[in-house]
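I opened this notebook to record what I looked up in one structure. The entries follow the order in which I consulted it.

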Amino acid sequence: MRILVVGKSRRAGTSKAGKDYDFTTLMVSYDMLANDDNSGVQVDRINVSASMMPYALVEVGAMYNLDFDRKGYLLGIEKL
């Protein structure tokens, strides 16, 4: 899925259970599925693990391609 990043936010730390976490929440827009009932763009928040792409490498205003599995889990991200 092709997305446009319109914002980003980083969350990092240690959970109450003692597990470390580090991820970036991307605020994105992308084209709606084309049919007779809708048109335009859709917006969403998508969490990206720092192991896939560190916060510093994500550029606001850039286009990215995201790959998801059948269950909707993010498999990969690459800049276009």
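The entries below go from the sheet to single residues and then to the core and the aromatic rings.

**Entry 1. The model**

I note at the outset that this is a predicted model.

**Entry 2. The sheet**

I first asked in what order the strands of the sheet stand. I found an open sheet of five strands in the order 3-2-1-4-5, with antiparallel pairing. Strand 3 (41-49) and strand 5 stand at the edges with a single partner strand each, so one side of each has no neighbour in the sheet. From one strand to the next, the twist averages 30 degrees.

**Entry 3. Pairing of the strands**

I then went through individual pairs. Strand 2 (residues 20-31) pairs with strand 3 in the antiparallel sense over nine bridges. Within this pairing I looked up leucine 26, whose bridge partner in strand 3 is isoleucine 46.

Strand 1 (residues 2-14) and strand 4 (residues 63-68) run antiparallel and are joined by three bridges. Strand 4 is also joined to strand 5 (residues 74-79), again antiparallel, by five bridges. I recorded that strand 4 and strand 5 form a hairpin with five residues between them. In its turn, glycine 72 has a positive phi of about 95 degrees.

**Entry 4. Asparagine 65**

I next examined asparagine 65, which has its place in strand 4. Which residues are its bridge partners? Arginine 2 is paired with asparagine 65, and in strand 5 the partner of asparagine 65 is glutamate 78.

Is asparagine 65 buried or exposed? Its relative accessible area is 19%, and the cut-off for buried is under 20%, so I entered asparagine 65 as buried. A polar atom of its side chain lies 3.3 Å from the backbone nitrogen of methionine 1. Leaving aside residues up to four places away in sequence, I listed the contacts of asparagine 65 as Met1, Arg2, Gly76, Ile77, Glu78 and Leu80.

**Entry 5. The nonpolar core**

I asked how many residues the largest nonpolar core has. The count is 14, and the residues with the most contacts inside this core are Ile3, Val5, Leu26, Val28, Val48, Tyr64 and Ile77. Strand 1, strand 2, strand 3, strand 4 and strand 5 each supply at least two residues of the core. Strand 2 gives the most, with three residues.

**Entry 6. Valine 5**

From the core I chose valine 5, which is found in strand 1. Valine 5 is buried, with a relative accessible area of 1%. Not counting residues up to four places away in sequence, valine 5 touches Leu26, Met27, Val28, Val58, Glu59, Val60, Gly61, Ala62 and Tyr64. I also looked up the separation of valine 5 from aspartate 44: they are 39 residues apart in sequence and 10.0 Å apart in space, C-alpha to C-alpha.

**Entry 7. Aromatic rings**

Finally, I searched for aromatic pairs and obtained a count of one. The rings are those of tyrosine 21 and phenylalanine 23, with centres 6.3 Å apart and planes at 40 degrees. Why is the pair entered as tilted? Planes under 30 degrees apart count as stacked and those over 60 as edge-to-face, so the 40 degrees found here make the pair tilted.

I checked the accessibility of both residues. Tyrosine 21 is partly exposed at a relative accessible area of 37%, and phenylalanine 23 is likewise partly exposed, at 24%.

Terms used:
Residues numbered from 1 in each chain as written. Predicted model: local features only at pLDDT ≥ 70, side-chain atom pairs only at ≥ 80, totals over all residues. Heavy atoms only, no water. Pairing = 2+ DSSP bridges. Helix = DSSP H or I, 4+ residues; strand = E, 2+ residues; numbered from the N terminus. Axes fitted to C-alpha atoms, helices over the stretch in contact; angles between N-to-C directions. Buried < 20%, exposed > 50% of the residue type's maximum accessible area, 1.4 Å probe, protein only. Polar contact = N/O pair within 3.5 Å; in protein donor to acceptor, adjacent residues only side chain to side chain. Contact = heavy atoms within 4.5 Å. Core = buried A, V, L, I, M, F, W, Y, C linked by side-chain atoms within 4.5 Å. Phe/Tyr/Trp six-rings, centres within 6.5 Å; stacked < 30°, edge-to-face > 60°.
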